[in-house]
Amino acid sequence: MRVDALTDVMGLRVGHATRIGAGRLTGTTVVLAPEGGVVAAVDVRGGGPATRETDALDPRNVVQRIDVVVLTGGSAYGLDAASGVMGWLEERGRGVRVGPEPAHVVPVVPAACVFDLGRGGDFRARPDAATGRAAVEAAAANATGAPVEQGCVGAGTGAAVGHLKGGVGTASTLLESGITVAALVVANAAGSVMDPRTGVLYGELLEEGGRTAVPAAAVHEAARRRLAEAAARNVPSPRNTTLAVVATDADLTRAQAQKLAGTAHDGIARAVRPVHLLNDGDTAFALATAARPLSSAGPPAMRAVQAMQALQALNEVLAAGADMVTRAIVRAVRAAESVAGPGGMWPAYNALYGEYAARGVVE
């Protein structure tokens with residue numbers, strides 16, 4: 001049964017470690033690949049990223065497959081979470097073989113982080129190796145195809161988008177070809193996710209068959225007052241970075257996966273404005289389990305046709321990846337819950353606007 005999440009790409013599992021209280025508002029999210037790993041790539045477009053092992057994913061370099069991707073809070077300090085994941089993988093002999101014994105492996109653990117320092121009140125409260133280990137253990141404990149918790153969990157625990165509460169979101173689609181494409185995001189952007197004139201989420205502008213639901217004017221005005229109150233209360237900080245993992249069961253080369261990571265940023269740009277600023281660390285990972293070919297096999301005489309079929313199928317995967325990123329950002333914002341504490345005040349979108357109970361509709 002499909003769950004409209006990253007885990008619809010069979011074999012992928014997601015685990016969260018959430019840290020709240022005692023000055024903490026942060027966490028880590030892990031995407032765990034099946035045994036044998038997955039083809040992977042990354043595209044970093046933010047001007048202020050904090051990442052680990054992203055160079056290893058360059059198609060020109062030696063690593064062919066990876067076992068995990070780590071998304072974490074804590075800014076660059078939070079990258080320590082990856083070491084806990086690395087230790088867990090080593091214990092299971094998962095990684096790049098570098099010696100004669102099965103245990104002689106070096107796990108490659110790509111990671112990227114969001115800035116949430118101090119949002120729980122304590123600037124020094126951030127994910128560490130134990131947090132990363134808890135997240136990968138949670139992923140491993142989940143059944144294949146399990147639903148993914150969304151909102152203020154894992155790496156999205158302390159996330160904010162503008163002065164709204166951000167979080168984790170996920171979405172998936174099944175293409176007519178039978179290929180699955182899915183995304184998981186951590187929405188923590190310096191930019192805004194909603195039109196300031198109407199309150200409509202940018203990512204929802206093209207939904208509902210071309211008819212865009214708009215909050216009633218009175219609802220929007222009340223929401224604007226609450227957001228202004230939050231802006232006055234919050235200490236200015238670089239609320240930066242949307243992280244995305246786009247995955248598919250298509251059989252992609254590393255170069256094709258690199259293209260998928262690149263087009264995933266189109267999905268961010270549709271849902272967040274502006275993006276890819278100097279304060280941002282916007283980063284998109286692409287994963288391919290290679291369970292389904294892009295085109296069917298055939299005789300040598302049909303190779304030109306097969307190549308065209310594969311190209312078309314790849315284009316459909318690329319387009320769907322961007323769409324799923326946009327949907328996942330909307331879901332992250334919709335699933336978030338309001339937070340107010342010593343580190344700041346971030347109202348949730350649904351707390352401000354509800355489900356458009358009093359709404360008009362424009363064509």
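The expected span of a helix is taken as 1.5 Å times one less than its number of residues. In this predicted model, helix α3 comprises the 17 residues 217-233, for which a span of 24 Å is expected. The end C-alpha atoms of α3 are 25 Å apart, in agreement with that value.

Four residues of α3 are buried, namely His220, Ala223, Leu227 and Ala230. Viewed down the helix axis, the buried residues of α3 fall within an arc of 80°, and they therefore line one face of the helix. An α-helix has 3.6 residues a turn, so residues three or four places apart point the same way. The buried residues of α3 pack against strands β10 (164-165) and β17 (344-346) and against helix α6 (349-353). Ala217, Ala218, Arg225 and Ala232, on the other side of α3, are exposed.

Five strands form an open sheet of mixed pairing, in the order β1-β2-β5-β8-β4. The edges are occupied by β1 (13-21) and β4 (51-52); each has a single partner strand, so one side of each is left without a neighbour in the sheet. Within the sheet, β2 (residues 24-32) and β5 (residues 68-72) run antiparallel and are joined by five bridges, with Val31 opposite Val69 of β5. Two helices pack on this sheet. Helix α1 (residues 81-91) touches β2, β4, β5 and β8 (111-113), and its direction makes about 155° with that of β5. Helix α2 (residues 129-141) touches β1 and β2, its direction making about 140° with that of β1.

The structure holds 13 salt bridges. One of them connects α1 and α2: Glu91 pairs with Arg133, the closest N and O atoms being 2.8 Å apart. Glu91 lies in helix α1 and Arg133 in helix α2, so that distant parts of the chain, 42 residues apart, are linked. Glu91 is exposed, with a relative accessible area of 53%, whereas Arg133 is partly exposed at 25%. Both residues belong to a network of salt bridges that also includes Arg92 and Glu137.

A further salt bridge joins Arg292 to Asp249, with an N to O distance of 3.6 Å. Because Arg292 lies in strand β15 (residues 283-292) and Asp249 in strand β14 (residues 242-250), the pair ties together parts that are 43 residues apart in sequence. Arg292 is partly exposed at 38% relative accessibility, while Asp249 is buried at 9%. Asp58 and Arg60 also form a salt bridge, their closest N and O atoms lying 2.6 Å apart. At 19% relative accessibility Asp58 counts as buried, the limit for that class being under 20%; Arg60 is exposed at 74%.

Notes: Residues numbered from 1 in each chain as written. Predicted model: local features only at pLDDT ≥ 70, side-chain atom pairs only at ≥ 80, totals over all residues. Heavy atoms only, no water. Pairing = 2+ DSSP bridges. Contact = heavy atoms within 4.5 Å. Axes fitted to C-alpha atoms, helices over the stretch in contact; angles between N-to-C directions. Buried < 20%, exposed > 50% of the residue type's maximum accessible area, 1.4 Å probe, protein only. Arc of directions from axis to C-beta. Salt bridge = Lys/Arg side-chain N within 4 Å of Asp/Glu carboxyl O.
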